[in-house]
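Please open the structure in your viewer and set it to a cartoon representation. The tour below proceeds from one selection to the next.

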Amino acid sequence: MTQALTRRRFIRISAAAAGLGPLSVGPSVRAEVAPVTWRGTMLGAVATMEIHDEDHRRAERLISLACAEARRLERLFSLYRDDSALVELNRKGLLIDPAAEMVDLLSTSQHYSRLTGGLFDVTVQPLWDLYARHFAQDDANPAGPAAAEIEAALARIGSGRLSISRDRIVMPRGTAVTLNGIAQGYVTDRVVDLLRAQGISHSLVDMGEARAIGPRPDGRPWDIGIADPDIVDHTKAVLPIVDRAVSTSGGYGLRFDSKARFNHLFDPRTGGCALRYRSVTTVSRSATAADALSTAFSFMPEDGIRSLLPRVDIDRVYLIDEDGKSVELAA
C-alpha cells in the first residue's frame, strides 16, 4: 500500500463556533438547548460535527447516521485502508461495477481538471510516491528527485487517462489516483445533504473540510479560522460564514525537506511543488468545489484565479503570499 499522507489540519474552527455560552435563538430552537457534538478521524484528518436541535436524542441519532455514511464513503475513497475501493483501483487498474459515488467523484475530478487546465489532477499519486521514496533515503539528495525520475512520473499522470463509466473504471498500468485533494470536501457535502434532508437547519460539519448549515442558532455566522502557516495553532484570520464551505491548502501541511522546498502539493505540469503561496483558502457553497479549487489555485497567479472565478462556484479566495501578506479575491 502507498504510504499514507497525513494532512495537517489547515482550517481550525474558532472558539466562537464551538457553541460556548448561552444561545439566543429563533423560534425553532430554544435558547437553553446545547449542541450535540462529535469529534473523530475521517480520511486521515480530524473530523467534527456540531448539531443544534431541540431533540437531543434525534441529534445523537443523526450523528450516528452521518458517521456511518462518512465511514461508508471512507471505505471507497481512502488511501489509508487496504480494503478501500481506491486502493483496489490503484492495485489492479480496474474497478468492475464501481459504487455510484466513486463514479461521481472521479467524474467530478475530471471536470475540475478541465476547468483548471489540468492543475487539479487526481492522478498525481506517482509524484507523491517518488518524493516520499526519495526523501526516505538516508542519503537523499537535498535537491530532490532526479529530473529523469520526475519525467518518468509525469508520463503516468493525466486525469484523461482514466476511463470512467457506470459499469467500470479503467486506467493504464503505472497510473495511480489520490483523492486527498477532493474526497474530504465530497464527504462533507454528503453529510450535509443527509442532515438537511432530516430537517437540520443549524450545524457545522467538518470531515476534513468545513461546511455550515445555516447560521448559528442565534442568527450569527459561524466563525472559521484560517491557520497561520508560520505559527502552529495560531489563527491568521477569521471568516464569518452562513451556508458556505471553507477549504485551505498550503504546502506547510507536509514538507519533505527541512528547507521547505518540497511539499505534498504537486504541479501536474512540471512535477514541482507549490511554492507560490503560503496558503490558499476558498469559500463556496460546495465543500467539494472549495477542496478541489484550493488545491488548483495554489499553482495559479492572481490574475489567473480572477479570470476563472466567474466560471466556478467560488465566492471568495484568501491568499497568503510567500511574504505573509494576505490578499482577498471576490467573484
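In this tour, contact means heavy atoms within 4.5 Å, and angles run from 0 to 180 degrees between N-to-C directions. The model is predicted.

**The sheet**

Begin by selecting the strands β2, β3, β7, β8, β11, β12, β13 and β14, which in that order form an open sheet of 8 strands. The pairing is antiparallel. At the edges lie β2 (36-42) and β14 (326-330), each of which pairs on one side only. On average, neighbouring strands of this sheet are turned by 15° against each other, direction ignored.

**The hairpin at one edge**

Next, select residues 316-321, strand β13, together with β14; the two pair in the antiparallel sense over 5 bridges. Arginine 316 has alanine 330 of β14 as its bridge partner, and valine 317 has leucine 329. Between the strands of this hairpin there are 4 residues. Glycine 324, in the same hairpin, takes a positive phi near 90°.

Now display the side chains of β14. Which of them are buried? Val327 and Leu329 are buried and point to one face. Ser326, Glu328 and Ala330 point to the other face and are not buried.

**Helices on the sheet**

Select residues 56-77, helix α1, which lies across β2 and β3 (45-51). Helix α1 runs at about 15° to β2.

Then select α7, which packs on the sheet and touches β8 (210-213), β11 (245-249), β12 (277-284) and β13. The direction of α7 makes about 155° with that of β12.

**A pair of helices**

Keep α7 (residues 287-297) selected and add α6 (residues 183-197): their axes come within 7 Å and cross at roughly 170°. Because angles over 145 degrees count as roughly antiparallel, α6 is described as roughly antiparallel to α7. On the α6 side, the contact is made by Ala183, Gln184, Gly185, Tyr186, Thr188 and Asp189; on the α7 side, by Ala287, Thr288 and Asp291. By class, this contact has 3 nonpolar, 4 polar and 2 charged residues.

**An enclosed helix**

Finally, select residues 125-135, helix α4. Why is α4 described as largely enclosed by the rest of the structure? The reason is that 9 of its 11 residues are buried. These are Gln125, Pro126, Leu127, Trp128, Leu130, Tyr131, Ala132, His134 and Phe135. To see what they pack against, add α5 (147-154) to the selection: the buried residues of α4 pack against this helix.

Technical notes: Residues numbered from 1 in each chain as written. Predicted model: local features only at pLDDT ≥ 70, side-chain atom pairs only at ≥ 80, totals over all residues. Heavy atoms only, no water. Parallel < 35°, antiparallel > 145°, perpendicular 65-115°, else oblique. Nonpolar A, V, L, I, M, F, W, Y, C, P; charged D, E, K, R; others polar. Buried < 20%, exposed > 50% of the residue type's maximum accessible area, 1.4 Å probe, protein only. Pairing = 2+ DSSP bridges.
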